[in-house]
Amino acid sequence: MARAATPALAALAKAGVPHEVVTFEHDPRERAFGDEAVRTLAERGIAPEQIFKTLVIAVPGGLAVAILPVPQRLSLKAAAAALGVAKAGMAEPAAAERATGYVLGAVSPFGQRKRLPTVVDSSALGWERIYCSAGRRGWDVGVSPHDLIRLTNAVTADIRG
C-alpha cells in the first residue's frame with residue numbers, strides 16, 4: 001500500500017473512513033488560507049458554509065481545537081463553554097504548529113501529533129459531507145461530519161460568533 005500523503009489522510013485510511021481529497025493550486029503569497037479554499041472550492045459547487053477551518057485555541061492547561069465554517073467568526077466564549085473551561089484565546093502560531101504537527105493554513109483535525117480536546121460547530125451536522133484541511137495547503141478532504149466528530153472525539157456546539 002502506498003504511504004498516505006499527509007498524517008491526516010493516513011489517519012482517515014487507517015480508520016477506514018470514506019473520504020474525498022480535493023486539491024487546488026495554493027498561492028504562496030496568500031495568507032487567508034480558508035478564504036482561498038472557499039474561493040476555489042465554490043467554483044466546484046461546494047458551498048462556503050460546507051468548508052470548515054480548524055483553529056487551535058489556548059485554554060487553561062493547554063490547547064484545544066475549534067472547527068467551524070470558514071465564513072464564520074469563532075466565539076471564543078462559546079468554544080470555552082462547550083469545552084467546559086472558563087476562557088479561551090487564540091493559540092500562539094508556533095504552539096499550534098508544535099502541538100498539531102501542521103503548518104498554519106494546513107492544520108487538519110485528523111492525524112495531529114497530539115490529540116487535543118475538540119469542538120465542532122453544530123452546523124456541520126446539517127451537511128452530508130463537510131470539507132476541512134487534509135494537512136497540506138491547497139488540500140482539503142471531504143468527510144461525513146459524524147466521522148469527523150467520532151475520530152476527533154469532539155463535542156458539538158454553536159461556536160459561531
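A residue counts as buried when its relative accessible area is under 20%, as exposed when that value is over 50%, and as partly exposed in between. With this scale in hand, the predicted model shown above can be read from its overall form down to single pairs of side chains.

**The whole chain**

The protein has five helices and eight strands, and from the N terminus on these elements follow one another in the order α-β-α-β-β-α-β-α-β-β-β-α-β. For 161 residues a compact globule would have a radius of gyration near 15 Å, and the 14 Å found for the protein agrees with this. Along the principal axes, the C-alpha trace spans about 40 × 35 × 30 Å. Of the 161 residues, 48% count as buried, while the accessible surface comes to about 8100 Å², with 51% of that area belonging to carbon and sulfur atoms. Among contacts between residues at least 6 apart in sequence, 62% join residues that are at least 24 apart.

**Helix H3**

In helix H3, which covers residues 76–83, the buried residues are Ala-78, Ala-79 and Ala-80, and these pack against strand S2 (52–59) and strand S5. The helix is followed by Gly-84, whose phi is positive, near 75°.

**Salt bridges**

How many salt bridges does a search of the whole structure find? The search finds six, and three of the pairs are set out here with the distance between their N and O atoms.

| Acidic residue | Basic residue | N to O distance |
|---|---|---|
| Glu-20 | Arg-129 | 2.7 Å |
| Asp-27 | Arg-29 | 3.0 Å |
| Glu-30 | Arg-39 | 2.8 Å |

The pair of Glu-20 and Arg-129 links distant parts of the chain, since Glu-20 lies in strand S1 (residues 20–23) and Arg-129 in the loop between strand S5 (118–121) and strand S6 (130–136), 109 residues apart. Glu-20 is partly exposed because its relative accessibility is 30%, and Arg-129, also with a relative accessible area of 30%, is likewise partly exposed.

In the second pair, Arg-29 counts as exposed at 72% relative accessibility, whereas Asp-27, at 26%, is partly exposed.

Is Glu-30, in the third pair, buried or exposed? Glu-30 has a relative accessible area of 16%, which falls under the 20% limit, and therefore it is buried; its partner Arg-39, at 46%, counts as partly exposed.

Elsewhere, Asp-121, Asp-158 and Arg-160 are linked in a network of salt bridges. Taking the charges of the protein together, the mean positions of the 19 positive and 15 negative ones are 9 Å apart.

Methods:
Residues are numbered from 1 along each chain as its sequence is written. This is a predicted model: local features need pLDDT of at least 70, side-chain atom pairs count only at pLDDT 80 or more; totals for chains, interfaces and linings use all residues. Side-chain values use heavy atoms; hydrogens and water are left out. A salt bridge is a side-chain nitrogen of Lys or Arg within 4 Å of a carboxyl oxygen of Asp or Glu. Helices (H or I, at least four residues) and strands (E, at least two) are DSSP runs, numbered from the N terminus. Buried means under 20% relative accessible area, exposed over 50%, partly exposed in between (1.4 Å probe, protein chains only). Contact means heavy atoms within 4.5 Å. The radius of gyration is taken over C-alpha atoms; the globule rule is 2.2 Å times the number of residues to the power 0.38. Accessible areas come from the Shrake-Rupley method with a 1.4 Å probe; for residues, only the protein chains shown count as cover. Lys and Arg count as positive and Asp and Glu as negative; His and the chain ends are not counted. The place of a charge is taken as NZ of Lys, CZ of Arg, CG of Asp or CD of Glu.
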